[in-house]
Amino acid sequence: MKKTVRISFEGKSYDVEVEVLDSNVAVAPAAAPAAPVAAPAPAAAPAVAGGTEVKSPLAGSVFKLKVKVGDRVEANQEVAIIEALKMENPVVAPCAGTVSSVSVKETDTVVDGQTLLTIA
């Protein structure tokens, strides 16, 4: 069964046709917009001899490094930006400490899970 529903996004309304696949599922009436949900906290990075590695959360290119060796960082401080699919994705420090090494440079291509820098 197909239904037409109206959705609103950023002040504009759109009529969308949807197909209901299971007739036992009730369609909920329109409700007030949900409150924004905070992004989950980053998982703790593994501690390695000499410090904690900060790894790339996705494949892309290093758009900006915001720290250098010797810089003091706080937990959840933005330390780099990875560009992927024309989106800038922040990378944050999992812990406080001092940047002991930087393994990449701006414009480098990185893979998911690649070490970007180490915090001691």
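## The hairpin of S7 and S8

In the hairpin made by strands S7 and S8, two residues lie between the strands, and Leu85 takes a positive phi near 55°. This value, like the others in this report, belongs to a predicted model. Strand S7 covers residues 78-84, and strand S8 covers residues 87-92. The two strands are antiparallel and are paired over six bridges. One of the residue pairs is Glu83 with Glu88, the latter being the bridge partner in S8.

Strand S7 has seven residues, and five of them are buried, so the strand is largely enclosed by the rest of the structure.

## The sheet around S7

Strand S7 also pairs with strand S5, which spans residues 60-65. These two strands run antiparallel and are joined by four bridges. Val62 has Ile82 in S7 as its bridge partner. Strand S5 in turn pairs with S10 in the antiparallel sense, over two bridges. Here Ser61 stands opposite Thr109, a residue of S10.

Taken together, four strands make up an open sheet with antiparallel pairing, in the order S8-S7-S5-S10. The edges are held by S8 and by S10 (109-110), each of which has a single partner strand, so one side of each is left without a neighbour in the sheet. In general, the strands of a sheet pair through backbone hydrogen bonds, in a parallel or an antiparallel arrangement.

## The protein as a whole

The protein contains eleven strands and zero helices. Read from the N terminus, its elements run β-β-β-β-β-β-β-β-β-β-β.

Of its 120 residues, 24% count as buried. The exposed area of the protein is about 8,500 Å², and carbon and sulfur atoms supply 57% of that area. Among the contacts with a separation of 6 or more, 49% are between residues 24 or more positions apart.

## Asp108 and its surroundings

Where is Asp108 found? Asp108 is in the loop between strand S9 (97-102) and S10. Leaving aside neighbours within four places in sequence, Asp108 is in contact with Gly60, Ser61 and Val62. Two of these residues also appear in the sheet pairings: Ser61 stands opposite Thr109 in S10, and Val62 has Ile82 as its bridge partner in S7.

The side chain of Asp108 also meets that of Lys105, in a polar contact of 2.9 Å. Lys105 and Asp108 form a salt bridge, with 2.9 Å between the closest N and O atoms. Lys105 is exposed, since its relative accessible area is 53% and the cut-off for exposed is over 50%.

## Other salt bridges

How many salt bridges does the count come to? The count comes to four. In general, side chains of opposite charge can pair when their charged atoms come close.

Besides the pair of Lys105 and Asp108, one of the salt bridges links Lys55 with Glu53, whose closest N and O atoms are 3.0 Å apart. Is Glu53 buried or exposed? Glu53 counts as buried, at 18% relative accessibility, because buried means under 20%. Its partner Lys55 counts as partly exposed, at 33%. Another salt bridge is formed by Lys68 and Asp71, with the closest N and O atoms 3.2 Å apart. Lys68 counts as exposed, at 54% relative accessibility.

## Strands S1 and S2 and a surface patch

Strand S1 takes in residues 2-9 and includes Phe9. Phe9 is exposed, with 52% relative accessible area. Together with Ile7 and Tyr14, Phe9 forms a nonpolar patch on the surface. The accessible area of the three residues is about 310 Å² together.

Strand S2 takes in residues 12-19, and Glu17 lies in it. Glu17 is exposed, at a relative accessible area of 54%. Which residues does Glu17 touch, not counting residues up to four places away in sequence? Glu17 touches Lys2, Lys3 and Thr4. Glu17 and Lys2 are 15 residues apart along the chain, and their C-alpha atoms are separated by 6.7 Å.

Terms used
Residues are numbered from 1 along each chain as its sequence is written. This is a predicted model: local features need pLDDT of at least 70, side-chain atom pairs count only at pLDDT 80 or more; totals for chains, interfaces and linings use all residues. Side-chain values use heavy atoms; hydrogens and water are left out. Buried means under 20% relative accessible area, exposed over 50%, partly exposed in between (1.4 Å probe, protein chains only). Two strands pair if DSSP finds at least two bridges between them. Patches are made of residues with over 30% relative accessible area and no salt bridge: like charges are joined within 9 Å, nonpolar side chains (Val, Leu, Ile, Met, Phe, Trp, Tyr) within 5 Å. Accessible areas come from the Shrake-Rupley method with a 1.4 Å probe; for residues, only the protein chains shown count as cover. A salt bridge is a side-chain nitrogen of Lys or Arg within 4 Å of a carboxyl oxygen of Asp or Glu. Contact means heavy atoms within 4.5 Å. A polar contact is a pair of N or O atoms within 3.5 Å; within protein, one must be able to donate a hydrogen and the other to accept it, and residues adjacent in sequence count only if both atoms are side-chain atoms.
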